[in-house]
Amino acid sequence: MRRPAFATLGLVALVLSGCAGSPSAEASLRVYAAASLQGAFDDLAAEFAAQHPEIVVEPVVYDGSSTLATQIVEGAPADVFASADERTMAVVVDVGYGGEPVVFATNTPVLIVPEGNPAGISEPADLVAPGVSFVRCADDVPCGSAARTLLEHAGVEVTPVSVEQNVTAVLTKVVAGEADAGVVYRTDAAAEERVEAITPAGAAEVVNRYPIVALEAGDAAGESFVAFVLSDEGRSVLESAGFGAP
């Protein structure tokens with residue numbers, strides 16, 4: 001089981017210098033990342049692997065941030081954690097894993113409906129119409145907290161037909177027609193042609209800040225990947241996927 005690495009100035013120095021230490025031969029890297037990061041982080045991991053042939057880059061593990069945080073605290077073999085909000089990152093850092101997390105991206109929630117919008121939804125108030133089915137993430141997941149806040153801003157109280165543990169599951173249900181509407185991040189909606197996005201008034205005020213951290217002090221592979229995400233090249237990949245700047 002991985003031992004927690006207590007806060008260090010190592011990552012801060014790494015970011016300021018713009019470079020990382022040289023990972024030893026046969027180094028490996030396992031990244032745990034919020035489900036909403038999948039498209040961008042698949043691209044980032046592939047490019048990082050191409051630039052660092054000395055590092056074995058394992059497939060990125062994606063799930064709801066709270067699920068990943070629990071797995072890490074329980075000893076999952078992660079080297080880097082990228083969360084969809086700072087509250088969930090604190091679950092990991094507060095028990096001694098990693099140094100100081102760095103916010104690298106932002107995102108906002110939107111309503112989505114299946115292609116063609118069969119229920120005729122145009123705003124959050126339509127979610128309470130008879131027969132309309134709605135799905136969102138669970139409250140303990142960042143996308144669930146964002147959905148709840150979005151609806152509160154709209155003055156709408158609606159009971160979902162199901163709550164999911166990650167944003168990908170919400171998207172899947174709406175695409176499959178198992179729900180008339182759901183709440184996901186704008187990046188997820190933009191990447192899926194089979195849904196239509198509705199941006200409610202006030203959505204821009206509900207902003208999720210995404211932090212990232214190398215989980216073990218002195219782990220050159222993990223710190224190198226974090227530096228890559230924070231670099232201009234990493235920023236470009238994230239912007240192309242629709243993520244906002246920190």
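Q: What makes Arg 209 and Glu 86 a salt bridge?
A: In this predicted model, the closest N and O atoms of Arg 209 and Glu 86 are 3.0 Å apart. The cut-off is 4 Å between a side-chain nitrogen of Lys or Arg and a carboxyl oxygen of Asp or Glu, so the pair counts.

Q: Why does this pair tie together parts that are apart in sequence?
A: Arg 209 belongs to strand 12 and Glu 86 to helix 4, so the salt bridge links parts 123 residues apart in sequence.

Q: Why is Arg 209 called buried, partly exposed or exposed?
A: Its relative accessibility is 36%. Buried means under 20% and exposed means over 50%, so Arg 209 falls in between and is partly exposed. Glu 86, at 39%, is also partly exposed.

Q: Where does helix 4 lie?
A: Helix 4 (residues 86-93) lies across strand 5, strand 6 and strand 12. Its direction is at about 25° to strand 12.

Q: Why is Thr 88 called buried or exposed?
A: Thr 88, which sits in helix 4, has a relative accessibility of 4%. The limit for buried is under 20%, so Thr 88 is buried. Not counting residues up to four places away in sequence, Thr 88 touches Ser 65, Ser 66, Ala 69, Phe 81, Ser 83 and Pro 142.

Q: How do you know that strand 5 and strand 12 pair?
A: Three bridges join strand 5 (residues 80-82) to strand 12 (residues 208-214). Pairing needs at least two bridges, so these strands pair. The sense is antiparallel, and the bridge partner of Ala 82 is Ile 212 in strand 12.

Q: What makes strand 4 and strand 6 edge strands?
A: The open sheet has five strands in the order 4-2-5-12-6, with mixed pairing. Strand 4 (61-63) and strand 6 (102-107) each pair on one side only.

Q: Why is one side of strand 9 and of strand 11 left without a neighbour?
A: Another open sheet of five strands has the order 9-8-10-7-11. Strand 9 (162-164) and strand 11 (195-198) stand at its edges with a single partner strand each, so one side of each has no neighbour in the sheet.

Q: How do you know that strand 7 and strand 10 are joined?
A: Strand 7 (residues 109-114) and strand 10 (residues 181-185) share four bridges. At least two are needed, so the strands count as paired. They run antiparallel, with Gly 182 in strand 10 as the bridge partner of Ile 112.

Q: What makes Cys 137 and Cys 143 a disulfide?
A: Their sulfur atoms are 1.8 Å apart. The limit is 2.5 Å, so the pair is a disulfide. The structure holds one disulfide, and both of its cysteines, Cys 137 and Cys 143, are buried.

Q: What makes Arg 136 and Asp 139 a salt bridge?
A: The N to O distance between their side chains is 2.8 Å. This is within 4 Å, so the pair qualifies. Arg 136 counts as buried at 11% relative accessibility, whereas Asp 139 is partly exposed at 38%. Salt bridges with shared partners join Arg 136, Asp 139 and Arg 148 into one network.

Q: Which residues have the most contacts inside the largest nonpolar core?
A: They are Leu 37, Phe 41, Phe 104, Ile 212 and Phe 225, in a core of 63 residues. Leaving aside neighbours within four places in sequence, Ile 212 is in contact with residues including Phe 41, Phe 104 and Phe 225. A second, separate core has 12 residues, among them Leu 68 and Val 213.

Conventions:
Residues are numbered from 1 along each chain as its sequence is written. This is a predicted model: local features need pLDDT of at least 70, side-chain atom pairs count only at pLDDT 80 or more; totals for chains, interfaces and linings use all residues. Side-chain values use heavy atoms; hydrogens and water are left out. Contact means heavy atoms within 4.5 Å. Axes are lines fitted to C-alpha atoms, for helices over the stretch in contact, and angles run from 0 to 180 degrees between N-to-C directions. Buried means under 20% relative accessible area, exposed over 50%, partly exposed in between (1.4 Å probe, protein chains only). A nonpolar core is a set of buried Ala, Val, Leu, Ile, Met, Phe, Trp, Tyr and Cys residues joined through side-chain atoms within 4.5 Å.
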